[in-house]
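Please open the structure in your viewer and keep the selection panel at hand. The stops below say what to select next and what is to be found there.

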Amino acid sequence: MSATPFVLAAENLTKKFNANTVIENLSIGFESGMLHSILGPNGAGKTTLFNLLTRDLPVSGGEILLRGEKITGLKPHQIARRGVGRSYQISSVYLDLSFHQNVWLAAYRKEKNGGTGFWRSVGAYKKIGETAARLLDTLGLAEFSDVPAKATSYGDQRLLEIAVTLATDPEILLLDEPTAGLSQKETERIKNFIQSIKSKYTIIMIEHKMNVVMEISDRIHVMNRGALIASGTAAEIARNEAVHSAYFGL
Ligand SMILES: Nc1ncnc2c1ncn2[C@@H]1O[C@H](COP(=O)(O)OP(=O)(O)OP(=O)(O)O)[C@@H](O)[C@H]1O
Ligand SMILES: [Mg+2]
């Protein structure tokens, strides 16, 4: 057991792309069971931080800790198997597949990579199918079950992407701008959904829309130029001067 209060943390994280240092000596911790938002101007390093946490990119320096254990050198699927699920800033669903097929595939891969052999057992396919149907139902997407993703709105595709991520049965959910490119109404729908699942997961969400962030976050972390400049509650962040000057340009 570790003394760290954080389910996921980064210590002295650095990321360089050739001579360009985009994350510098960043330490950040995420408490379990909370909804964390990450704010920051374009290019602040938010998506890069996600890429390092999930090992989509290797770190240049520092450590990543999951439940107090170093996972810095693990491969992405090993991190996913330990309960870290992620959705991407640019939608990554299979446009030619139906909603059901997209979610089914994610649930199937999870079972297959889990190493339990469950996917080979009698009834496994039925169970995976039921999981997919249940998730689509939960997200209000059941009507699109047999519809190819490309035939639906971008808002529905973003929700599908969340369903695909949930199908991997994560404990920690990383969402990269889940409302990007959505109308106010669609944004509201995603916000409400995230709020409705908040008690079941530790959620870390990169989000630019201030009303979404302020309404549903338990903790807000603000990044600027590859560094963490503030962490706190919505009220604390709202009155933080460093945040005002860096983020709002005031
Ligand atoms: N694979 C890469 N190769 C080279 N440079 C990169 C790479 N990925 C990101 N960068 C650079 O790192 C910096 C941070 O980018 P990042 O995508 O993390 O920002 P962000 O905070 O997510 O911004 P946004 O709000 O626009 O999504 C930018 O200057 C970007 O150009
Ligand atoms: Mg980004």
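Which residue just after H1 takes a positive phi? Select Arg55, where phi is about 60 degrees; helices (H or I, at least four residues) and strands (E, at least two) are DSSP runs, numbered from the N terminus.

Before moving on, note that this is a predicted model, in which local features need pLDDT of at least 70 and side-chain atom pairs count only at pLDDT 80 or more, while totals for chains, interfaces and linings use all residues. Residues are numbered from 1 along each chain as its sequence is written, and chains are lettered from A and ligands numbered from 1 in the order in which they are written.

**Helix H1 and ligand 1**

Now select H1 itself, residues 46-53. Seven of its eight residues are buried, so H1 is largely enclosed by the rest of the structure; a residue is buried if 20 or more other C-beta atoms lie within 10 Å of its own, exposed if 12 or fewer, and partly exposed in between, with C-beta atoms placed from the backbone. The buried residues are Lys46, Thr48, Leu49, Phe50, Asn51, Leu52 and Leu53.

Add ligand 1 to the selection: H1 gives the most to the shell around it, with three residues. There are 11 residues around ligand 1, of which Phe17, Asn42, Lys46, Thr47 and Thr48 come nearest; a residue is near a molecule if its C-beta atom, placed from the backbone, lies within 6 Å of it. By class the shell has three nonpolar, seven polar and one charged residues, where Ala, Val, Leu, Ile, Met, Phe, Trp, Tyr, Cys and Pro count as nonpolar, Asp, Glu, Lys and Arg as charged, and the others, Gly among them, as polar.

**The antiparallel sheet**

Next, select S1, S2, S4 and S5, which form an open sheet in the order S2-S1-S4-S5 with antiparallel pairing; two strands pair if DSSP finds at least two bridges between them. S2 (20-31) and S5 (69-70) stand at the edges with a single partner strand each, so one side of each is left without a neighbour in the sheet. Between S1 (residues 6-17) and S2 there are eight bridges in the antiparallel sense, and Leu13 stands opposite Leu26 in S2. H1 packs on this sheet, touching S1, S2 and S4 (61-66).

**Strand S8 and its partners**

Move to S8, residues 202-206, where five of the five residues are buried, so the strand is largely enclosed by the rest of the structure. In a regular strand the side chains alternate between the two faces of the sheet. In S8, Thr202, Ile204 and Ile206 point one way and Ile203 and Met205 the other way.

Add S3 (residues 35-39), which runs parallel to S8 and is joined to it by four bridges, with Ser37 as the bridge partner of Met205. Then add S7 (residues 172-176), which pairs with S8 over five bridges, also in the parallel sense; Ile172 stands opposite Thr202. With helix H6 (residues 184-197) included, S7, H6 and S8 make a right-handed β-α-β unit; right-handed is said if, with the strands pointing away from the viewer, the path from the first strand over the helix to the second runs clockwise.

**A last stop at Ser231**

Finally, select Ser231 in strand S10 (residues 227-232), which counts as partly exposed because it has 17 C-beta neighbours inside 10 Å. Ser231 and Ile38 are 193 residues apart in sequence and 9.1 Å apart in space, C-alpha to C-alpha.

Note on methods: Two residues are in contact if their C-beta atoms, placed from the backbone, lie within 7 Å. Axes are lines fitted to C-alpha atoms, for helices over the stretch in contact, and angles run from 0 to 180 degrees between N-to-C directions.
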